Structures are given as structure tokens and as C-alpha cells.
Amino acid sequence: MILVLNRSAGQQNSLQEFLGQVQNPASSLYHQYLTPEEFGQQYGVSASDLEAVANWLRSASFAVDQIHSGRMAIEFSGSAGQVQSAFHTAIHSYVVNGEQHYANASDPQIPAALASVVSGITLNDFAPRPLNRSIGQAQLD
């Protein structure tokens, strides 16, 4: 499962400015890319907010599996019962196009104290699929 985090408005504005400069050949920052750790320090959620979210997950008995270097996502794991207790939604089994999947039955809820930090949550096992498909090989006439 993944909690997607939300940067502050100030960080978002700074990030947009940086992205404009890093793509502008006239800028001194042109092609001066950041490592994931540098990105996280400058544009990710604060260390204290990150720790608050991770501690809340741990207090709900989830295992915090990975905190992404960019400080914008936390991967965690736990049981369906833990999900129901912490997020007030049940995990159900669904068959979609002949494949069995697991997903939340209703919108998850998070504590109000974390609402400004948490942008979204993934509680399912649906893997992203490409929207393109091969229609054959191109030929140059």
C-alpha cells in the first residue's frame, strides 16, 4: 500500500520555478538536475511531517516498508483488518476481466491531523497498464 504525500503551496511554487529554470537554456540552473535525496530535502514534505505520518502508520500496527527518497510517498503493509480499523474501509475481493484483485470498498478516511500532508492512498493491487498497444511495424515508402 502507498500513502502519497502533499507538499506545501510554497514548496509547489518553488518546484514550478525550479522546473522552469532547469529547462531554460538561458538559466544558470539549465540541466542542473537533483538527486532524489536533494529533491526530497527541497521539495518533499518536512522531516517532521514525514515522521508524523510514519509514526501514525506504525501506531496502527502497519509496517513502514519504505519512505521514498523524494519524501513524497510511503510504502507500508498490513492486514485487511488493520486497513479497516485505520482507514475505516473494508478490503474486498473483486474479479475484473477474469482476474482476481483486492481493493477498498469505499473511500478511505485519514485522521484530520494528517489531512494537509496526505494527498492520496493506494489500497489495491491493480497494477498500472499502458494505454498504448502495438498495431504492427511501420514501413517507410
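How do the axes of helix 1 and helix 2 cross, and within what distance do they come? In this predicted model, the two axes come within 10 Å and cross at roughly 135°. That angle makes helix 1 oblique to helix 2, because the antiparallel label is kept for angles over 145 degrees. Helix 2 covers residues 36-43, while helix 1 takes in residues 9-22.

Let's look at what sits between them. From helix 1 come Gln11, Ser14, Leu15 and Phe18, and they meet Phe39, Gln42 and Tyr43 of helix 2. Sort the residues of this contact by character and you get 4 nonpolar, 3 polar and no charged.

Gln11 is a good residue to zoom in on. Is it buried or exposed? Gln11 has a relative accessibility of 18%, so it counts as buried, the cut-off being under 20%. If you skip the neighbours within four places in sequence, the contacts of Gln11 are Gln42, Tyr43, Gly44 and Val45. Gln42 and Tyr43 also turn up in the list of helix 2 residues that meet helix 1.

Between helix 1 and helix 2 runs a loop, and Asn24 is found there. Asn24 has a relative accessible area of 35%, so it is partly exposed. For a sense of scale, try drawing a line from Asn24 to Gln84: their C-alpha atoms are 48 Å apart, with 60 residues separating the two along the chain.

Now over to the strands. Four of them, in the order 2-3-1-6, make an open sheet with antiparallel pairing. Which strands stand at its edges? Those are strand 2 (63-67) and strand 6; each has a single partner strand, so one side of each is left without a neighbour in the sheet. Going from one strand to the next, the twist averages 25°.

Follow strand 2 inward and you come to strand 3, residues 73-77. The two run antiparallel and are joined by 4 bridges. Across this pairing, Val64 stands opposite Phe76 of strand 3. Strand 2 and strand 3 form a hairpin with 5 residues between the strands, and in this hairpin Arg71 adopts a positive phi near 60°.

That leaves the charged side chains. How many salt bridges does a search of the whole structure find? There are 2. One joins Arg58 to Glu51, with 3.6 Å between the closest N and O atoms. Arg58 has a relative accessibility of 41%, so it counts as partly exposed. Glu51, with a relative accessible area of 38%, is partly exposed as well.

Glu99 and Arg129 form a salt bridge too, and here the closest N and O atoms are 2.9 Å apart. This pair links distant parts of the chain, 30 residues apart: Glu99 belongs to strand 5 (residues 99-104), whereas Arg129 lies in the segment after strand 6 (118-122). What about their accessibility? Glu99 is partly exposed, its relative accessible area being 35%. Arg129 reaches 59%, so it counts as exposed, since that class is for values over 50%.

Notes. Residues are numbered from 1 along each chain as its sequence is written. This is a predicted model: local features need pLDDT of at least 70, side-chain atom pairs count only at pLDDT 80 or more; totals for chains, interfaces and linings use all residues. Side-chain values use heavy atoms; hydrogens and water are left out. Buried means under 20% relative accessible area, exposed over 50%, partly exposed in between (1.4 Å probe, protein chains only). Contact means heavy atoms within 4.5 Å. A salt bridge is a side-chain nitrogen of Lys or Arg within 4 Å of a carboxyl oxygen of Asp or Glu. Two strands pair if DSSP finds at least two bridges between them. Axes are lines fitted to C-alpha atoms, for helices over the stretch in contact, and angles run from 0 to 180 degrees between N-to-C directions. Angles under 35 degrees count as roughly parallel, over 145 as roughly antiparallel, 65 to 115 as roughly perpendicular and the rest as oblique. Ala, Val, Leu, Ile, Met, Phe, Trp, Tyr, Cys and Pro count as nonpolar, Asp, Glu, Lys and Arg as charged, and the others, Gly among them, as polar.
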